[in-house]
Each structure stands twice: as C-alpha cells, then as structure tokens.
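Please describe the two-chain model shown here. Cover the fold of each chain, the core and the contact between them.

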Amino acid sequence: MDTKKSEVLQGTLDLMILKTLHALGPLHGFGIARRIEQVSRDVLQLNEGTVYTSLLRQQQQGWIAAEWGTSENNRKAKFYSITKRGEKQLQVEAENWERISGVIGRVLKLEAER
Amino acid sequence: MSARRESRLRAFAAKVRGFLRGRKRDGEFNDEIQEHLQLLAEKFVAQGMSREEAAAAARRQFGNVTLLQEDRRALQGFLFFEALWQDLRLSLRIILKSPGFTATAVLTLALGIGANTTIFSWIHGVLLNPLPGAGEPHRIVELESLAPSGEWVPTS
C-alpha cells in the first residue's frame with residue numbers, strides 16, 4: 001500500500017477524532033465512528049476498526065483521555081475525551097491544514113492563470 | 001524539548017507501562033471491539049437486514065479484528081520481547097508434539113557436551129595443571145645446575 005497515502009489518511013483520522021471530541025464532548029468509540037461516517041459521507045472509506053488504533057495512539061500522546069462509563073442503553077463502554085494538550089494539538093493541526101490548503105490553492109490558481 | 005522527541009518519549013513510556021500491565025489489556029480491548037461490532041450489527045438490523053447479514057456486514061465494515069489486536073499490541077509493548085515470548089511458546093509446543101525427535105536431539109546434545117567436557121578435563125589435568133597438590137603452580141620453578149660438560153642438569 002502507498003505509505004504516504006496511509007500516513008495522510010491516518011493524520012486525517014486523528015484530526016477528525018480530535019475535532020469530534022472537541023465539538024461533541026466525551027464519546028465512546030461507536031459514537032465517534034458514527035459521527036465520522038456522517039461527516040465524511042463516502043469520501044473517507046476506511047475500516048471502522050482503525051478508529052481504535054488512532055484512539056490508542058492519541059491516548060499515548062496525551063491528547064485523549066479514556067474512562068469507563070455507561071452508555072445510553074446502559075452498557076459498559078469506554079468514553080474518550082479530549083485533553084488540554086489535545087486541544088492545543090488540534091489547534092496546531094488545524095492551522096497546519098489551513099496553511100497547506102492555502103498554498104495548494106494558490107499553486108493551483110497559478111496553473112489556471114496561465 | 002522538540003515536539004517530535006517529546007512525542008517519541010511519550011510513546012516509549014506508554015510502551016513500558018503497557019508491557020508491565022500485560023494480559024489485562026487484551027481482554028479489555030477485545031470487549032470494547034465486540035461491543036462495537038454488536039452495536040453496528042444492531043444498526044444494520046434496524047435498517048432491515050437479517051441477523052446473519054447484519055453480523056457479517058458489521059465485521060466487514062469494521063475491518064480485520066486480528067490485525068487490530070496486533071497493532072494494539074505493537075503500540076503497547078516491545079515487539080522484541082513479544083516476539084521472543086511467542087517463539088518460546090511455539091518451540092515448546094513443537095517439542096512436546098514430537099517426542100521422538102526431541103529425544104534424539106537431547107541425546108545428541110548430551111553426548112556432544114559430555115564428550116567435550118571429558119576431553120577438556122583430561123587436557124586440563126594433563127597439560128594445563130600438571131602438579132596436583134600444588135597451591136600456586138605458577139610459582140614452581142625448576143632448578144638446574146651447570147655441569148662441567150656445559151649442560152644444564154637437574155639439581156637433586
């Protein structure tokens with residue numbers, strides 16, 4: 001598999017999860033997956049399981065915290081929430097993306113003007 | 001500290017903790033995944049699928065669970081020790097499964113080691129340590145006298 005592509009995909013997933021937790025508050029893995037599915041309608045065709053790998057990695061980095069709790073239908077579930085460090089990371093990443101997309105936009109415009 | 005180095009240190013610390021916690025994490029992670037698969041299947045059932053279709057569709061959408069467990073273990077442990085432990089378990093299983101082969105191998109090894117040890121003991125006794133009873137053999141000297149013929153003759 002193309003390594004670059006999977007790295008970009010992974011980074012995107014990390015960012016989406018952080019944003020989801022930032023916007024919606026603590027969620028369990030299933031909730032996160034549903035939200036991402038909603039937002040990325042058919043554009044991001046990934047296996048839902050990868051959410052858990054991303055959650056684990058981000059936990060290790062200290063951007064996400066996990067706690068066992070009870071879900072809506074009274075089942076035991078692990079709830080994930082964004083930490084302060086995670087909020088900062090989200091901000092940094094968002095700025096990065098804006099900067100990159102800005103540059104690409106300008107480059108593409110150059111091509112068009114020719 | 002650079003962000004990159006800090007994140008690697010963090011990942012390392014998490015690995016140490018994960019390694020020390022061990023088996024418990026496997027079970028918890030599996031529970032979480034199974035719960036997710038369950039919820040996903042229920043969602044499909046609500047959309048009109050049969051139970052079997054829903055379960056299969058849930059597994060397909062979720063992806064490979066075994067790979068996920070491996071990824072998790074890779075993130076949370078030291079690959080070297082995990083691999084070593086797995087190799088030891090496999091070896092033990094193979095050894096117990098074919099007793100004939102094991103017996104032959106053990107006998108061969110025993111013979112080889114025994115022969116080596118014996119021969120070395122002989123050499124050690126004869127060549128390297130020729131004076132039993134001597135406390136410090138390296139301090140023993142041989143006294144010779146010069147005979148009128150010009151030869152060195154042992155003193156006695």
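In what order do the elements of chain A run from the N terminus on? They run α-β-α-α-β-β-α. Helices (H or I, at least four residues) and strands (E, at least two) are DSSP runs, numbered from the N terminus.

This is a predicted model, in which local features need pLDDT of at least 70, side-chain atom pairs count only at pLDDT 80 or more, and totals for chains, interfaces and linings use all residues. Residues are numbered from 1 along each chain as its sequence is written, while chains are lettered from A and ligands numbered from 1 in the order in which they are written.

**Confidence**

The predictor gives the complex an ipTM of 0.79 and a pTM of 0.63. Chain B has a mean pLDDT of 83, and 87% of its residues reach 70 or more. Here pLDDT is the predictor's confidence in each residue, from 0 to 100. Among the elements of chain B, helix α1 (residues 3-21) has the lowest mean pLDDT, 74. Helix α6 (residues 99-128) of chain B has the highest, 91. Where pLDDT is low, the predicted coordinates should not be read in detail.

**The two chains**

Chain A has four helices and three strands. Chain B has six helices and two strands, in the pattern α-α-α-α-α-α-β-β along the sequence.

Of the 114 residues of chain A, 25% count as buried. In chain B, buried residues make up 7% of the 156 residues. A residue is buried if 20 or more other C-beta atoms lie within 10 Å of its own, exposed if 12 or fewer, and partly exposed in between; C-beta atoms are placed from the backbone.

Two residues are in contact if their C-beta atoms, placed from the backbone, lie within 7 Å. Residues 24 or more positions apart account for 49% of the contacts in chain A with a separation of 6 or more. For chain B, 33% of the contacts between residues at least 6 apart in sequence join residues at least 24 apart.

**The core**

The largest nonpolar core has 22 residues. Such a core is a set of buried Ala, Val, Leu, Ile, Met, Phe, Trp, Tyr and Cys residues joined through C-beta atoms within 7 Å. Those with the most contacts inside it are A:I17, A:L21, A:I32, A:V51, A:L55, A:I64 and A:Y80. Both chains contribute: α1 (3-24), α2, α3 and β3 of chain A each give two or more residues, as do α2 (23-46) and α3 (51-62) of chain B. In soluble globular proteins, nonpolar side chains tend to be buried together.

A:V51 shows the packing at one point. Leaving aside its neighbours within four places in sequence, A:V51 is in contact with A:I17, A:G29, A:I32 and A:A33.

In α2(A), the buried residues are A:G29, A:F30, A:I32 and A:A33. Seen down the axis of α2(A), they fall within an arc of 160 degrees (taken from the directions from the helix axis to the C-beta atoms), so they line one face of the helix.

**The α3 helices**

Chain A and chain B each have an α3 helix of twelve residues. The expected span of a helix is 1.5 Å times one less than its number of residues.

| Helix | Span, first to last C-alpha | Expected span | Glycine just after | Phi of that glycine |
|---|---|---|---|---|
| α3(A) | 17 Å | 16 Å | A:G62 | about 85 degrees |
| α3(B) | 16 Å | 16 Å | B:G63 | about 105 degrees |

The buried residues of α3(A) are A:V51, A:Y52, A:S54, A:L55, A:L56, A:R57, A:Q58 and A:Q60.

**The contact between chains**

How many residues does each chain give to the contact? Chain A gives 16 residues and chain B gives 17 residues. On the side of chain A that touches chain B, α2 (29-39), α3 (50-61) and β3 (76-82) give two or more residues each. The largest share, seven residues, comes from α3(A). By class, this side of chain A has four nonpolar, eight polar and four charged residues. Ala, Val, Leu, Ile, Met, Phe, Trp, Tyr, Cys and Pro count as nonpolar, Asp, Glu, Lys and Arg as charged, and the others, Gly among them, as polar.

**Two single residues**

A:M16 is found in helix α1 of chain A. A:M16 is partly exposed, with 18 other C-beta atoms within 10 Å. A:M16 and A:L90 are 74 residues apart in sequence and 9.3 Å apart in space, C-alpha to C-alpha.

A:N74 is found in the loop between β2 (64-70) and β3 of chain A. A:N74 has a positive phi of about 60 degrees although it is not a glycine. Is A:N74 buried or exposed? A:N74 is exposed, with 7 other C-beta atoms within 10 Å.
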